[in-house]
Structure formats: C-alpha cells, structure tokens
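I opened the notebook on this chain to go through its overall build, its empty spaces and a few backbone oddities. The entries are kept in the order in which I looked things up.

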Amino acid sequence: MPRPIRATFDLAALRNNLAVARAQAPGARAWAVVKANAYGHGTLRAVTALDAADGFALLDLEEAVRVREAGVRKPILLLEGFFALDDLPTIAEHGLAAVVHCEEQVRMLESAGLPARIPVYAKLNSGMNRLGFAPAAFADAVRRLQASRMVSGVTLMTHFADADGARGVAEQLGCFASAAAGLALPRSLANSAAVLRYPETHADWIRPGIMLYGCSPFADASAESLGLEPVMTLASELIAVRELARGDRVGYGGAFAAPKRMRIGVVACGYADGYPRHAPDGTPVLVDGLRTRIVGRVSMDMLTVDLGPVPNAGVGAPVTLWGEGLPADEVAAAAGTISYELLCRLTARVPQAERG
Ligand SMILES: *Cc1c(COP(=O)(O)O)cnc(C)c1O
C-alpha cells in the first residue's frame, strides 16, 4: 500500500467557482488564470474542467504550447509576455496572446518577421511598480503596437496591488483611466479581489485566479461567505499514536513539551509534501473530521497532532490538512502565509485524484 497521503481535486467545485466569478461580472469575458500549474491543481486538469472560461492565462511558453497541443482552441495569454526574440515565432505559430510591458518587448515585436500576427495586452504600471509602461509612455507604446505589422489587436491592461486590502483600487483605477483616455480598445484589470469587490474594474476581460481554486483573496472574508468551494483537499492518515507524560518532548528540537499527560498522533505529511515547515503549534488540522492542532515541529515526512479532542482516533484515522472541512485560508493564516502559497507548493510526490 502506498503512503496514505493524497491530494483530491473537486472539479465540480472548480466549475462552481468560475460560475461565481462570472456571475459577479456578467458583461465581461473571463480569463481563467492557470499559472503556477494552475495554483498547484494541474494545468491540463484545470483547463479541461474550466471549459466555460473564455481563455486561459499563464506564464510559461512551454506550458502554453502544451495547453494548445492538448487541443485547447480558446485564447491563451502569456502574462509576462515573451523573454527573447526567439520566443515570438512559437507564440505566433500557436496563436498565443502576449502581454507587452516594456520598451524592449515592443522593439522585439517591431523587429520580428512572423508567420502570423499576435494579439497583445499592453500593460500599464498604474502603481504596483513591477511590470508595465509608465503612464506617460503608455499611449505612445500602444500606438506603436497598433502600428506594428506583427500585432493583430491591442487590449489595455493593468494589475492591482491592493484590491484585497485597505488601499483598494481607486488610485490605480484613476491612473489607468487617464493613461488610457482616448484609446478605444478593450480593457482587462480585475484579479479575484477586484472581481469580488470592485465592479467598476470589470471592463471587458476579468482575470480571476485564486477564487477559482476556492480560496478567498481577503483576510476578512471567508471563501464560504463568497460562495466559493474548496477544490484541493490534502488528506492523509495517522500512522502512529502515542501517550506522552508531562514534560515529554516531541519531534526535532523538542520544540513542543507536553504540559500534561496527552495522546498525540503522527500524520504521514511533512514539508516534502508541501506542508509549511514554519506552521506553529496550534495550526488547525482535522482528525476523524474533528478539529485539533499541530504540536511540535513539522518534519520532512511527518507532523504531529494533539489527539485530546479526538480520544478515539487510532492508526489509520483520516486526517485533513486543508480543503474540504478546513479552509486552506485558515491553515495559511496560522502559518503566516497565504493560501496561494500552500496550494502552489504541493509537491510532485503527493499522489493525486479527481472527483466531480
Ligand atoms: C496571478 C494574476 C492574476 C490572478 O490573481 P488572483 O489574485 O489569483 O486572482 C491576475 N492577473 C495577473 C496579471 C496575474 O499575474
């Protein structure tokens, strides 16, 4: 029998979550963001399940080609565009769309001789200060792209830094509106947080990512309260149970000492499976469907849990690390990170299954 850990992907939940995004922005088309191996869910699995999306957005050219060669006919958008002149023929041959965010990319396009024209997304830096043209340079870059024989159409885009936080989108939206003034072209602005909270950002194409995978982009709103259902469930089993006397220590560094007699369970899941090593004592976990907590340091292949709340749990008892019954958002918050990181760090050694 294999080690009992597994990740199960609920494809009906994935479809539900796309429907939630669409219902928020009924007039817009939807890119399903499937970068980072579809946030750990498997790119081809997600693309196949999300056939109601209008297109798929990701980063990696080889990955995009793989999606195209799997038979996907819909638009595919490269969110960072291309990295070298050499990438352009592949992009054209496979009918991919590319973000253009800098002068170097414009020049590459202008100097390329391609077998087909490329749809491009001209990206404005409206305040995040990672990628994108400065507001003062934007209109000129867009005109050059429109004039290029290699470009089949231009969409205007930007990305929000704090649509999930206190600053919101107002300042960046204002910057985008003035930089794009007079350019009668389609627009794409909204990530999941903006899809859910700022209808004024929906425009022509929304770009939901994390919400498709059933997690909340907000620290102050649960996924469930947004109508989202968990897609990835990481589950395992107890492979040992032991009694500790008061003062007995658990795991590397003896980081946890039993304050009194207690039972603990050893779970077949560790950081080599993608569980965060820095998850502290108290991080929630389900054993036999009941909520308890991690105690002691997470090791490579195992972690230890308090069986106080589940006195009848023995070897073989089911354990949920996150997913159905225990939002990844809660585990992430306890571990000082975000659900995005938990999901996309699931490792290749974890066996995978699908349902729905
Ligand atoms: C990752 C990404 C998104 C999706 O963001 P979520 O917060 O996961 O919804 C949208 N647009 C761009 C440009 C991205 O890189």
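The entries below go from the whole chain to single residues.

**Entry 1: the whole chain**

I noted at the start that this is a predicted model. I counted 11 helices and 18 strands in the protein chain, and I found that its C-alpha trace spans about 75 × 40 × 35 Å along the principal axes. Of the 356 residues, 53% are buried. I then looked at contacts between residues at least 6 apart in sequence, and 63% of them join residues at least 24 apart. For the surface I wrote down an exposed area of about 15300 Å², of which carbon and sulfur atoms supply 52%.

**Entry 2: strand β3 and its neighbours**

I asked next which residues of strand β3 are buried on its two faces. Strand β3 covers residues 55–58, and I found Gly55 and Ala57 buried on one side, with Phe56 and Leu58 buried on the other. This reading rests on a general pattern, in which side chains of a regular strand alternate between the two faces of the sheet. Strand β2 (residues 29–33) runs parallel to β3 and is joined to it by 3 bridges, with Val33 standing opposite Ala57. Strand β4 (residues 76–78) also runs parallel to β3, again with 3 bridges, and here I found Phe56 opposite Ile76.

**Entry 3: helix α4**

I went on to helix α4, residues 61–69, where Leu61, Glu63, Ala64, Val65, Val67 and Arg68 are buried; I noted that Glu63 and Arg68 are on this list beside residues such as Leu61 and Val65. To see what covers them, I looked up the packing partners of these buried residues, which are α2, α3 (43–49), β3, β4 and α5 (87–93). Strand β3 of the previous entry is therefore one of the elements against which α4 packs. After the helix comes Gly71, with a positive phi near 105°.

**Entry 4: positive phi outside glycine**

I looked for positive phi values in other residue types, since most residues other than glycine have a negative phi. Ala38 is one such case, with a phi of about 55°, and its place is in helix α2, residues 35–39. Is Ala38 buried or exposed? Ala38 counts as buried because its relative accessibility is 0%.

Asp288 is another case, with a positive phi near 55°, and I found this residue in the loop between β14 and β15. Asp288 has a relative accessible area of 40%, so I entered it as partly exposed. Strands β14 (residues 284–287) and β15 (residues 290–293) pair in the antiparallel sense over 4 bridges, and the hairpin that they form has 2 residues between the strands. Within this pairing I also recorded Leu286 opposite Arg291.

**Entry 5: empty space**

I turned to the cavities, for which a probe the size of a water molecule, rolled over the atoms, shows where empty space is left. The search of the whole structure gave 1 cavity of 30 Å³ or more, and the volume of the largest cavity is about 50 Å³. Its lining consists of Lys123, Leu124, Asn125, Ser126, Gly127, Met128, Arg130, Leu131, Thr158 and His159, which I sorted into 3 nonpolar, 5 polar and 2 charged residues.

The second largest pocket has a volume of about 200 Å³. I listed Ser126, Gly127, Ala161, Asp162, Arg167, Gly168, Val169, Glu171 and Gln172 as its lining, with 2 nonpolar, 4 polar and 3 charged residues among them. Ser126 and Gly127 appear in the lining of the cavity and in that of this pocket.

**Entry 6: Gly214**

The last residue I looked up was Gly214, in the loop between β9 (205–206) and β10 (232–244). Gly214 counts as buried because its relative accessibility is 6%, below the cut-off of 20%. Leaving out residues up to four places away in sequence, I found Gly214 touching Asn17, Ala223, Leu228, Glu229, Pro230 and Val231. I also checked its position against Arg68: the two residues are 146 apart in sequence, and their C-alpha atoms are 25 Å apart in space.

Note on methods
Residues numbered from 1 in each chain as written. Predicted model: local features only at pLDDT ≥ 70, side-chain atom pairs only at ≥ 80, totals over all residues. Heavy atoms only, no water. 1 Å grid on protein atoms, 1.4 Å probe; cavity = no way out; pocket = protein on both sides within 12 Å on 5 of 7 lines; lining within 4 Å. Points joined across faces, edges and corners; volume = space filled by probe spheres on them. Nonpolar A, V, L, I, M, F, W, Y, C, P; charged D, E, K, R; others polar. Buried < 20%, exposed > 50% of the residue type's maximum accessible area, 1.4 Å probe, protein only. Contact = heavy atoms within 4.5 Å. Areas by Shrake-Rupley, 256 points an atom, 1.4 Å probe, with all protein chains shown as cover. Pairing = 2+ DSSP bridges.
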